[in-house]
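User: I'm new to this structure and could use a close look at one part of it. Could you pick a stretch of the sheet and walk me through what surrounds it?

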Amino acid sequence: MDAKLILMHITGFDEIKFILNQKEEISNEDFCRYKILIEERANSKPTQYIINKCEFMAHDFYVDENVLIPRPDTEILVEACMKYLKPNKKILEIGTGSGCITISLAKRFDCDFTAVDISEKAIEIAKLNADKNNVSDKIKFIKSDILSEINGKFDIIISNPPYIKKSEIDSLEKNVRDYEPHLALDGGNDGLDFYRKISENAKNYLHPSSLIFFEIGHDQALDLHNIFNENKIKLIEDLKDYNGLDRVIIGMV
């Protein structure tokens with residue numbers, strides 16, 4: 001499948017054209033490019049970074065090594081938001097990366113979206129993806145260290161923050177450890193730094209009875225319950241991923 005996707009990338013063929021042109025010879029130039037990219041994949045570089053494309057919620061997103069590759073499990077977070085989202089609400093996403101979460105919601109809802117990231121490169125990519133998906137007019141992108149550059153009140157905060165323990169970064173699979181941005185992986189000594197910072201300050205940025213949506217690690221649900229309790233955030237719902245592991249937690253301020 002990876003070899004096919006890379007060859008489709010080289011030829012510019014979509015699925016149908018690829019099938020219809022199985023016997024067509026490619027140029028020597030394209031073949032040389034293909035061998036180079038296959039070698040990159042053999043060295044564990046993710047296919048999504050090689051072809052600069054990833055599908056998420058049935059939409060195409062540009063990705064490179066400056067942003068995390070969107071995962072199918074994160075679609076659970078988007079689907080959870082969709083259950084609660086209503087038109088004309090103000091939505092804040094913290095740590096937008098490629099923009100896939102906010103953009104997927106903006107494709108479906110007429111709301112006022114703000115998406116922030118500490119990485120200037122990530123903000124540029126998110127803006128590019130908003131243009132590609134025709135939702136630029138719905139989203140304001142801001143370079144911000146969590147909430148440092150944010151003013152005003154919102155109806156919902158969404159975040160899929162870094163949640164890997166610092167000590168576990170080096171033991172991640174090679175395709176993640178060597179290629180995906182550590183800035184978007186490292187959640188501090190216990191993996192919970194960003195959940196604490198957001199939860200501690202949420203009341204200053206949310207209207208009363210507003211919601212927080214977090215994607216979490218598979219073993220972090222009880223820790224998030226405690227963080228919610230410490231900050232007087234009411235637990236609304238825990239959601240599992242496709243493997244039956246904890247993946248999303250929803251709270252009310």
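Analyst: One term before we start: a residue counts as exposed when its relative accessible area is over 50%, as buried when that area is under 20%, and as partly exposed in between. Keep in mind too that this is a predicted model.

Let's settle on strand β9, which covers residues 246–252. This strand is mostly covered, with six of its seven residues buried. It has strand partners to look at, so let's take them in turn.

One partner is β8, residues 234–240, which runs antiparallel to β9 and is joined to it by six bridges. If you want a spot to find by eye, look for Lys 234, which stands opposite Met 252 in β9. β8 and β9 also make a hairpin, with five residues between the strands. In that hairpin, Gly 244 takes a positive phi near 80°.

Another partner is β7, residues 206–215, again antiparallel to β9, and here five bridges do the joining. A handy marker for this pairing is Ile 212, whose bridge partner in β9 is Gly 251. As background, side chains in a regular strand alternate between the two faces of the sheet.

Now for the charged side chains around here. Arg 247 and Asp 241 meet in a salt bridge, with N and O 2.9 Å apart. Is Arg 247 buried or exposed? With a relative accessible area of 8%, Arg 247 is buried. Asp 241 counts as buried as well, at 7% relative accessibility. Both values fall under the 20% cut-off, so each end of this pair gets that label.

β8 has a salt bridge of its own to show you: Glu 237 pairs with Lys 83, and the closest N and O atoms are 3.3 Å apart. This pair links distant parts of the chain, since Lys 83 sits in helix α5 (residues 74–84) and Glu 237 in strand β8, 154 residues apart. Here's where that opening definition comes in: Lys 83 has a relative accessible area of 57%, which is over 50%, so Lys 83 is exposed.

Following that link brings us to α5 itself. Several of its residues are buried: Thr 74, Glu 75, Ile 76, Leu 77, Val 78, Ala 80 and Cys 81. What covers them? The covering elements include β7, β8 and β9, along with β1, α6 (100–106) and β6 (154–159). That brings us back to our strand, as β9 is among the elements covering the buried residues of α5.

For a wider view, the structure holds 16 salt bridges. One of them sits within a helix: Arg 196 and Asp 193 meet at 3.7 Å, N to O. These two are three residues apart in helix α9 (residues 193–201), so they are separated by about one helical turn. Why does that spacing matter? An α-helix has 3.6 residues a turn, so residues three or four places apart point the same way. Arg 196 counts as partly exposed at 28% relative accessibility, and Asp 193 gets that label at 29%. Elsewhere, Glu 40, Lys 45 and Glu 65 are linked in a network of salt bridges.

So, back at the part we chose: β9 is mostly covered, with antiparallel bridges to β7 and to β8.

Note on methods: Residues numbered from 1 in each chain as written. Predicted model: local features only at pLDDT ≥ 70, side-chain atom pairs only at ≥ 80, totals over all residues. Heavy atoms only, no water. Buried < 20%, exposed > 50% of the residue type's maximum accessible area, 1.4 Å probe, protein only. Helix = DSSP H or I, 4+ residues; strand = E, 2+ residues; numbered from the N terminus. Pairing = 2+ DSSP bridges. Salt bridge = Lys/Arg side-chain N within 4 Å of Asp/Glu carboxyl O. Contact = heavy atoms within 4.5 Å.
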